[in-house]
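Please look through the structure shown here, which is a predicted model, and follow the explanation below with the coordinates open beside you.

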Amino acid sequence: MLTPDRLDRFARHIVLPEIGGTGQVRLASSSVMLIGAGGVGSPALQYLAAAGIGRITVADCDDVDASNLQRQTIFNQADIAASKAERAADWVRRFDPAINVVPRNVRIDADNAAGLIAGHDLVLDGSDNFATRLAVSDACVASRVPLTTVAVGRFQGQVANFAGHLPDQACYRCWVGDAFDAEDCDTCADQGVLGAFVGMASTLGVMQALRVLLDGVADLGDPQWGKLLLLDGLKPAMRTIAVAKDPTCRACGG
Ligand SMILES: [Zn+2]
């Protein structure tokens, strides 16, 4: 049940038929692991917290840099050189003390991903390189945790929900294949990134994550597994691709 304070706080959700009181209770009892508190992770964290997710773990091994402030909206001048994970958790505590937030100042890799992800209802991956995204995806498949992935390169964005642990559903590796495990080949330091566009992809990712969390209890709850949303920030435009399960995928196939 929601207390009167929480009913007030989430009144605009609760009047939406697509969420309602039942949906809000579900969000309050949900736990989300956010990978990366960067250009994707910062606005995602704000909207996950604003949506009333009850427990949020935020993992990032970097410190805040001045060049982050152009898009990483939870940080300010005074945060420069501080741990992103710690300052992200501080932001959540100031925003809503009712949220149980856990900072993880670690680099996610294939060895630790499954342990960090365990116990969460959903992982939202906003990391900035293929190696991490593939390690996170593989761990989600192994741990049977749904994954919302958000990736941005210049003015192209990709957002999708994956449930590779289910028999007929693709995982992120089914989409990108095995070519990128070893290299950090798409970091925004090389490419550049526009803050408002990465924020757009990020908040779309939160929308898709909410569909997963509300599955079975509210009308918004269609997880749209394997439906890849491709954003073109310049036009702007969006198209969708259905990602099929690869029977030879080394994470989820066979
Ligand atoms: Zn797969």
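The buried residues of helix α5 pack against three elements, namely α4 (41-50), β2 (55-59) and β3 (100-104). In this predicted model, the buried positions of α5 are Lys84, Ala85, Arg87, Ala88, Ala89, Trp91 and Val92. It helps to recall that an α-helix has 3.6 residues a turn, so residues three or four places apart point the same way. The helix itself covers residues 84-95, and at 1.5 Å a residue its 12 residues should span 16 Å, which agrees with the 16 Å that separates its end C-alpha atoms. Seen against the strands, α5 lies across β2 and β3, and its direction makes an angle of about 170 degrees with that of β3.

Those two strands belong to an open sheet of eight strands with mixed pairing, and the order across the sheet is β3-β2-β1-β4-β5-β6-β7-β8. At the edges stand β3 and β8 (237-242), each of which pairs on one side only. Ignoring direction, neighbouring strands of this sheet are turned by 15 degrees against each other on average.

Within the sheet, strand β5 is a good place to pause. Six of its seven residues are buried, so β5 is largely enclosed by the rest of the structure. On one side, β5 pairs with β4 in the parallel sense over three bridges, and here Val123 stands opposite Leu147 of β5. To get from β4 to β5 the chain passes through α7, and this β-α-β crossover is right-handed. Helix α7 (residues 130-143) lies across β1 (31-35), β4 (122-125), β5 and β6, and runs at about 170 degrees to β5.

Strand β5 (residues 147-153) is also joined to β6 (residues 156-162), by seven bridges, and these two strands run antiparallel. Leu147 appears again in this pairing, since its bridge partner in β6 is Phe162, while Val152 stands opposite Gly157 of β6. The two strands form a hairpin with two residues between them, and in the turn Arg154 has a positive phi of about 50 degrees.

Stepping back to the protein chain as a whole, its secondary structure comes to 10 helices and eight strands. Its radius of gyration is 17 Å, close to the 18 Å that the globule rule gives for 254 residues, so the chain is as compact as a globular protein of that length. Of these 254 residues, 46% count as buried. Finally, among the contacts between residues at least 6 apart in sequence, 68% join residues at least 24 apart.

Definitions and conventions: Residues are numbered from 1 along each chain as its sequence is written. This is a predicted model: local features need pLDDT of at least 70, side-chain atom pairs count only at pLDDT 80 or more; totals for chains, interfaces and linings use all residues. Helices (H or I, at least four residues) and strands (E, at least two) are DSSP runs, numbered from the N terminus. The expected span of a helix is 1.5 Å times one less than its number of residues. A residue is buried if 20 or more other C-beta atoms lie within 10 Å of its own, exposed if 12 or fewer, and partly exposed in between; C-beta atoms are placed from the backbone. Two residues are in contact if their C-beta atoms, placed from the backbone, lie within 7 Å. Two strands pair if DSSP finds at least two bridges between them. Axes are lines fitted to C-alpha atoms, for helices over the stretch in contact, and angles run from 0 to 180 degrees between N-to-C directions. The radius of gyration is taken over C-alpha atoms; the globule rule is 2.2 Å times the number of residues to the power 0.38. A crossover is right-handed if, with the strands pointing away from the viewer, the path from the first strand over the helix to the second runs clockwise.
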